[in-house]
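The following note is intended for a colleague who is reading this structure for the first time. Its numbered points may be read alongside the sequence and the model.

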Amino acid sequence: LAQSMGSLCVYLTYPLMFYVPVDILIIPAKEQFLNYHSFTIEFWLRVILVMVTFLFAILIPHIDLFIALIGALASSSLALIFPPMVYIMVFRPTFCQRFICMLIMLFGVLGTIIGSTYALKDIVCALSGLPIGGGWPCQLPPEH
């Protein structure tokens, strides 16, 4: 029962995450399809976006590894690199504050490099048919 309720929740709320893309795409879609009602255009736009994401999930092998790569690139940048950079540009900090911001940015760059490297390694291993998550480089399990 719990799994079916969870599936139902995902099924009913998944299209909600497309609020911003639909808000952006609805204007050109309305201009393209002038003869249709606004609700109909928005409904089919949401259906198409959901189906495209399902197609990506089906067609891309090991999509979880690609999501890990995107996460390694984006999360470090958004959390550790851009905020101190903006702080330096906006507030003109003292030398000590600037030094701390640079350390945070360096930590973010290192995290991006390490996370991306291991995500790329896992993608290469998975596409080569080798086990993922092991040492560097991709290694076959030892024979007994």
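1. Tyr87, leaving out residues up to four places away in sequence, touches Arg92, Pro93, Gln97 and Cys101. The model discussed here is a predicted one. Tyr87 has its place in helix 4, and with a relative accessibility of 30% Tyr87 counts as partly exposed. For one of these contacts a separation can be given: Tyr87 and Gln97 stand 10 residues apart in sequence, and their C-alpha atoms are 9.6 Å apart in space.

2. Arg92, another residue touched by Tyr87, belongs to the loop between helix 4 and helix 5. Its relative accessibility of 68% places Arg92 in the exposed class, because that class begins over 50%. The backbone of Arg92 also deserves attention: its phi is positive, about 50°, although Arg92 is not a glycine. Most residues other than glycine have a negative phi.

3. His62 shows a positive phi as well, of about 55°, and His62 is likewise not a glycine. This residue is placed in the loop between helix 3 and helix 4. With a relative accessible area of 39%, His62 is partly exposed.

4. How many aromatic pairs does the model contain? The count comes to four. In one of them, Phe43 and Trp44 meet edge-to-face, with 5.2 Å from centre to centre and 80° between the planes. The term edge-to-face applies because the angle of 80° is over 60 degrees. Both partners are partly exposed: Phe43 has a relative accessibility of 40%, and Trp44 has one of 48%.

5. Tyr87 and Phe91 form an aromatic pair too, this one tilted, with 5.0 Å between the centres and 45° between the planes. Why do Tyr87 and Phe91 lie about one helical turn apart? The two residues are separated by about one helical turn because they are four residues apart in helix 4, which covers residues 63–91. Phe91 is exposed, at a relative accessible area of 56%, whereas Tyr87 is partly exposed at 30%.

6. Phe43 and Trp44 should also be read together with Phe39, since these three residues form one aromatic cluster. Phe43 has a further role in the description, as one of the residues that line the largest pocket.

7. That largest pocket holds about 290 Å³ of space. Its lining includes Val10, Tyr11, Leu12, Tyr14 and Pro15, together with Arg46, Val47, Val50, Met51 and Phe54. Helix 1, residues 2–13, and helix 3 each supply at least two residues of the lining. Which helix gives the most to the lining of the largest pocket? Helix 3 does, with six residues.

8. The largest nonpolar core consists of eight residues, namely Phe18, Val22, Ile26, Ala29, Ile41, Leu45, Leu49 and Val50. Two elements give two or more residues to this core: helix 2, residues 19–32, and helix 3, residues 38–59. Helix 3 gives the most to the core, with four residues. Val50 thus appears both in this core and in the lining of the largest pocket.

9. Ile41 illustrates how a core residue is surrounded. Neighbours within four places in sequence aside, Ile41 is in contact with Ile26, Ala29, Lys30, Phe33 and Tyr36. Another core lies apart from the largest one and has five residues, among them Leu65, Leu69, Ala119 and Ala126.

10. Is Ser116 buried or exposed? Ser116 is buried, because its relative accessible area of 8% falls under 20%. The residue lies in helix 5, which covers residues 95–128. When residues up to four places away in sequence are not counted, Ser116 touches Leu69, Ala72 and Leu73. Leu69, one of these partners, is also a member of the five-residue core.

11. Ser76 is a further buried serine, with a relative accessible area of 11%, and is found in helix 4. A polar atom of the Ser76 side chain lies 3.5 Å from the backbone oxygen of Ala72. Ala72 is also touched by Ser116. Apart from its neighbours within four places in sequence, Ser76 is in contact with Gly71, Ile81, Gly108, Gly111 and Thr112.

Conventions: Residues are numbered from 1 along each chain as its sequence is written. This is a predicted model: local features need pLDDT of at least 70, side-chain atom pairs count only at pLDDT 80 or more; totals for chains, interfaces and linings use all residues. Side-chain values use heavy atoms; hydrogens and water are left out. Rings of Phe, Tyr and Trp (its six-membered ring) pair if their centres lie within 6.5 Å; planes under 30 degrees apart count as stacked, over 60 as edge-to-face and the rest as tilted. Buried means under 20% relative accessible area, exposed over 50%, partly exposed in between (1.4 Å probe, protein chains only). A polar contact is a pair of N or O atoms within 3.5 Å; within protein, one must be able to donate a hydrogen and the other to accept it, and residues adjacent in sequence count only if both atoms are side-chain atoms. Contact means heavy atoms within 4.5 Å. A nonpolar core is a set of buried Ala, Val, Leu, Ile, Met, Phe, Trp, Tyr and Cys residues joined through side-chain atoms within 4.5 Å. On a 1 Å grid over the protein atoms alone, a cavity is a set of points where a 1.4 Å probe fits but cannot get out, and a pocket is an open set with protein on both sides within 12 Å along at least five of seven lines; lining residues have an atom within 4 Å of a point. Grid points are joined across faces, edges and corners, and a volume is the space filled by probe spheres set on the points.
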